[in-house]
Amino acid sequence: MQDILSVSNLSKTYASGFRALKDIDLAIRRGEIFALLGPNGAGKTTLISIVCGIVNASTGTVRVDGHDIVRDYRAARSMIGLVPQELTTDAFETVWATVSFSRGLFGKAANPQHIEKVLKALSLWDKKDNKIITLSGGMKRRLLIAKALSHEPQILFLDEPTAGVDVALRRDMWQLVRGLRDTGVTIILTTHYIDEAEEMADRIGVISKGELILVENKAELMRKLGRKQLTLQLQDALAHVPPELSSYALQLSSDGSELTYTYDAQGGRVGIVDLLKALGDAGVRFKDLHTTQSSLEDIFVDLVRDGQ
């Protein structure tokens, strides 16, 4: 798949000496949903701000569909839409006027049909003549997306798009983002909701202390780094794990009633078969068993902890 955004050797050091980004290399594929995860202060917003032309990089280059964001600023920036975290809009402007004005800021000719399509897609059409001050928080969030889509960008940055909205609206917005991707828009989102990335993203990037520590296809990430656990409920409690089972690194619950076996999500079936045979040989009987698999949140926490 062709790359639409290319970031090379990108760093940012502020006047205070704080290095917010360290030698970032990243390629975003056309038409994908890419989730950028990281704790507060990791550099997510700084990276987005540089790509969008809000902050200047200290070193490195960024190209948007081949356009350098410094030398060919207008062409690069016209391809990008940004939905910021903050709900910053002119409270006494109407929905229609503010979205139309945003389109004009990019030098695009008036296109009422496009504005109508965007507002209808975001369930804002019936509010087009309302002043922004009258909108709910969720509607204001959708309005920010409408403004970002007003000039028909090819890349849409969503910086914490569902922060502060209820669960029902979050799911509505997930559906909206998928719909935008289906029309060919490339989506790059930052989020604190790990389930949001797990639900929507094609690829995951993890940034910590200004360094991009991992970029991986979501399914491959879950396959490679996901752990599975097999928990056995024992017929008779054990005082300790039999020595002949020591190679399996089993964990015995405090009351001796459960054994837990943690194994790699890749091809762990052979290990389980061997374990069950070894349990039988050791005279350990169980009455029930169940498995669990680590979530993307577990993987993220482990990655960030290891990077500290």
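Okay, let's start with helix H5: 11 of its 13 residues are buried, so this helix is largely enclosed by the rest of the structure. If you want to find them, the buried ones are Gly138, Met139, Arg141, Arg142, Leu143, Leu144, Ile145, Ala146, Lys147, Ala148 and Leu149. Yes, that list includes Arg141, Arg142 and Lys147. H5 covers residues 137-149, and from its first C-alpha to its last it reaches 19 Å, close to the 18 Å expected at 1.5 Å a residue.

Before I go on, please keep in mind that this is a predicted model.

So what does the whole thing look like? The protein has 308 residues, and 44% of them count as buried. There are 10 helices and 14 strands. If you take the contacts between residues at least 6 apart in sequence, 70% join residues at least 24 apart. On the outside, about 15400 Å² is exposed, with carbon and sulfur atoms supplying 49% of that.

Back to the helices. Which residues does Thr98 touch, once you leave aside its neighbours within four places in sequence? The answer is Glu93, Ile132, Leu143 and Lys147. Two names there should ring a bell, as Leu143 and Lys147 were on the list of buried residues in H5. Thr98 itself is found in helix H3, residues 95-105. Its relative accessibility is 6%, and since buried means under 20%, Thr98 counts as buried.

Helix H1, residues 44-51, is mostly covered too, with seven of its eight residues buried. Those are Lys44, Thr46, Leu47, Ile48, Ser49, Ile50 and Val51. Just after H1 you run into Gly53, which takes a positive phi of about 80 degrees.

Now for the strands. In general, strands of a sheet pair through backbone hydrogen bonds, either parallel or antiparallel. One open sheet here is built from four strands in the order E2-E1-E4-E5, and the pairing is antiparallel. At the edges sit strand E2 (19-29) and strand E5 (67-68), each pairing on one side only. Further in, strand E1 (residues 3-13) and strand E4 (residues 59-64) are joined over five bridges. If you'd like one to look for on screen, Ser8 has Thr61 in E4 as its bridge partner.

Next, a hairpin. Strand E9 (residues 203-208) and strand E10 (residues 211-217) run antiparallel, with six bridges joining them. One pair to look for is Ile207 with Leu212 in E10. How many residues lie between E9 and E10? Just two, and Lys209 in that turn has a positive phi of about 50 degrees.

That brings me to backbone angles. Most residues other than glycine have a negative phi, so a positive one is worth a look. Two more turn up in loops. Glu152 has a phi near 60 degrees, and its place is in the loop between H5 and strand E7 (155-159). Ala249 has a phi near 50 degrees, and this residue lies in the loop between strand E11 (227-234) and strand E12 (251-252).

Are these two buried or exposed? Glu152 is partly exposed, with a relative accessible area of 37%. Ala249 comes in at 57% relative accessibility, and the cut-off for exposed is over 50%, so Ala249 counts as exposed.

Okay, that's my tour; questions welcome.

Key: Residues are numbered from 1 along each chain as its sequence is written. This is a predicted model: local features need pLDDT of at least 70, side-chain atom pairs count only at pLDDT 80 or more; totals for chains, interfaces and linings use all residues. Side-chain values use heavy atoms; hydrogens and water are left out. Buried means under 20% relative accessible area, exposed over 50%, partly exposed in between (1.4 Å probe, protein chains only). Contact means heavy atoms within 4.5 Å. Accessible areas come from the Shrake-Rupley method with a 1.4 Å probe; for residues, only the protein chains shown count as cover. The expected span of a helix is 1.5 Å times one less than its number of residues. Two strands pair if DSSP finds at least two bridges between them.
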